[in-house]
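Here is a short briefing on one protein model and the ligand it holds. Look at the structure first, then read the points by topic.

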Amino acid sequence: MSLLVVGSMAFDDIETPFGRSDNTLGGSSTYIALSASYFTEPIRMVGVVGDDFGDEHFNLLHSKNIDTRGVKVVEEGKTFRWAGRYHYDMNTRDTLDTQLNVFADFDPHIPQQYRESRFVCLGNIDPVLQVKVLDQINKPELVICDTMNFWIEGKPEELKKVLERVDVFIVNDSEARLLSGEPNLVKTARMIRNMGPKTLIIKKGEHGALLFTDNGIFSAPAYPLESIFDPTGAGDTFAGGFIGHLSRCAKINEAEMRKAVLYGSAMASFCVEQFGPDRLNDLDMLEVEDRYQSFLDLSRIGE
Ligand code: AMP
């Protein structure tokens with residue numbers, strides 16, 4: 001089923017306690033699309049890059065059946081760049097540098113052939129642009145949305161306008177608390193769901209994720225990995241696995257939502273095993289299903 005992904009496309013310079021990787025392909029929509037590509041097609045990407053975004057990157061996306069006709073290439077422009085450094089616990093990171101470059105003038109235009117997309121995933125971009133995207137789509141079945149501290153603090157009113165039109169909102173715990181002004185996550189969830197999204201996912205890094213729906217709360221564990229090389233993109237990869245699974249379902253119900261959270265968690269657990277999106281390039285579906293099974297086993301009591 002058709003999935004439209006709108007977000008950043010980037011080159012990242014990443015430093016972790018285990019090494020560094022420069023000029024790494026990144027951006028929210030890159031991770032979302034690569035992750036979702038294991039579950040569904042066509043995936044349609046809308047974004048902007050400079051002419052430094054080489055064919056090898058487009059070829060990678062095309063090899064995963066990701067349609068990039070909605071990606072604008074600005075001649076003599078430079079792609080968005082981000083640099084970050086992770087600390088020992090890998091839960092905290094410092095942003096060392098952000099160069100918006102061509103992303104500063106990003107004005108998403110949804111091509112005519114993308115406007116009937118049934119699923120829409122709004123990656124982390126200015127909420128004003130997220131609204132612009134929604135204004136161009138004809139009645140999608142499900143809209144999911146991600147954001148970050150920067151927009152919660154900088155454009156709270158604009159973000160609230162997006163939330164009124166979103167079905168599933170994905171945030172991490174600190175962002176959720178910032179948005180609600182409430183420390184307790186259960187109360188926070190009620191407050192955010194009252195802003196619009198019927199379904200809310202609060203990610204808690206190495207402590208898993210919580211899904212809040214009309215039917216209650218579902219708690220997904222995080223996979224206890226021995227080696228975490230690079231958490232960059234884990235949140236976006238989660239979103240890609242989540243929407244990817246839902247996009248292949250004939251009917252979306254509570255059980256499929258719960259499975260989607262586990263598929264999102266499984267994809268995120270692969271993402272952090274190597275630098276950048278490398279691990280998302282060469283997975284096969286058997287590995288994904290195996291990891292999904294491991295998630296189920298994590299909380300199984302036995303006979
Ligand atoms: P995550 O680790 O899930 O937060 O996503 C990391 C990705 O977000 C990196 O590949 C960055 O290129 C991208 N990114 C960082 N800052 C921004 C920003 N201000 N707007 C859009 N994307 C960003």
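## Cysteines, ligand and one loop residue

The structure holds zero disulfides. This is a predicted model. The points below take up two cysteines, then the ligand, then Thr-232.

**Cysteines**

- Why does Cys-121 form no bond with Cys-145? The sulfur of Cys-145 is the closest cysteine sulfur to that of Cys-121, but the two lie 8.4 Å apart, which is too far for a bond.
- A disulfide needs the two sulfur atoms within 2.5 Å.
- Cys-121 has 2% relative accessibility, so it counts as buried.
- For Cys-271, the closest cysteine sulfur belongs to Cys-121. That sulfur is 14 Å away, again too far for a bond.
- Is Cys-271 buried or exposed? Cys-271 is buried, and its relative accessible area is 0%.

**Ligand: polar neighbours**

- There are 17 residues around the ligand. Those that come nearest are Ser-8, Asp-12, Gly-27, Gly-233 and Asp-236.
- Asp-12 places a polar side-chain atom 2.5 Å from an oxygen atom of the ligand.
- Gly-27 uses its backbone instead: an N or O atom there lies 2.7 Å from a ligand oxygen atom.
- Arg-93 has a polar side-chain atom 2.9 Å from an oxygen atom of the ligand.
- How much of the ligand does the protein cover? On its own, the ligand has 500 Å² of accessible area, and the protein covers 87% of this.

**Ligand: make-up of the shell**

- Three elements give two or more residues to the shell around the ligand: β2 (10–16), β6 (80–86) and α8 (234–247).
- Which element gives the largest share? It is α8, with three residues.
- By type, the shell residues divide into seven nonpolar, seven polar and three charged.

**Thr-232**

- Where is Thr-232? Thr-232 sits in the loop between β13 (216–220) and α8.
- Thr-232 counts as buried because its relative accessibility is 4%, and the cut-off for buried is under 20%.
- The side chain of Thr-232 makes a polar contact with the side chain of Asp-230, at 2.6 Å.
- Which residues does Thr-232 contact, leaving aside neighbours within four places in sequence? They are Asp-12, Ile-14, Tyr-31, Trp-82, Tyr-86, Arg-93 and Cys-271.
- Some of these names have come up before. Asp-12 and Arg-93 are in contact with Thr-232. Asp-12 also has a polar side-chain atom 2.5 Å from a ligand oxygen atom, and Arg-93 has one at 2.9 Å. Cys-271, another contact of Thr-232, is the buried cysteine with 0% relative accessible area.

How values were computed. Residues are numbered from 1 along each chain as its sequence is written. This is a predicted model: local features need pLDDT of at least 70, side-chain atom pairs count only at pLDDT 80 or more; totals for chains, interfaces and linings use all residues. Side-chain values use heavy atoms; hydrogens and water are left out. A residue is near a molecule or strand if one of its heavy atoms lies within 4 Å of it. A polar contact is a pair of N or O atoms within 3.5 Å; within protein, one must be able to donate a hydrogen and the other to accept it, and residues adjacent in sequence count only if both atoms are side-chain atoms. Accessible areas come from the Shrake-Rupley method with a 1.4 Å probe; for residues, only the protein chains shown count as cover. Helices (H or I, at least four residues) and strands (E, at least two) are DSSP runs, numbered from the N terminus. Ala, Val, Leu, Ile, Met, Phe, Trp, Tyr, Cys and Pro count as nonpolar, Asp, Glu, Lys and Arg as charged, and the others, Gly among them, as polar. Buried means under 20% relative accessible area, exposed over 50%, partly exposed in between (1.4 Å probe, protein chains only). Contact means heavy atoms within 4.5 Å.
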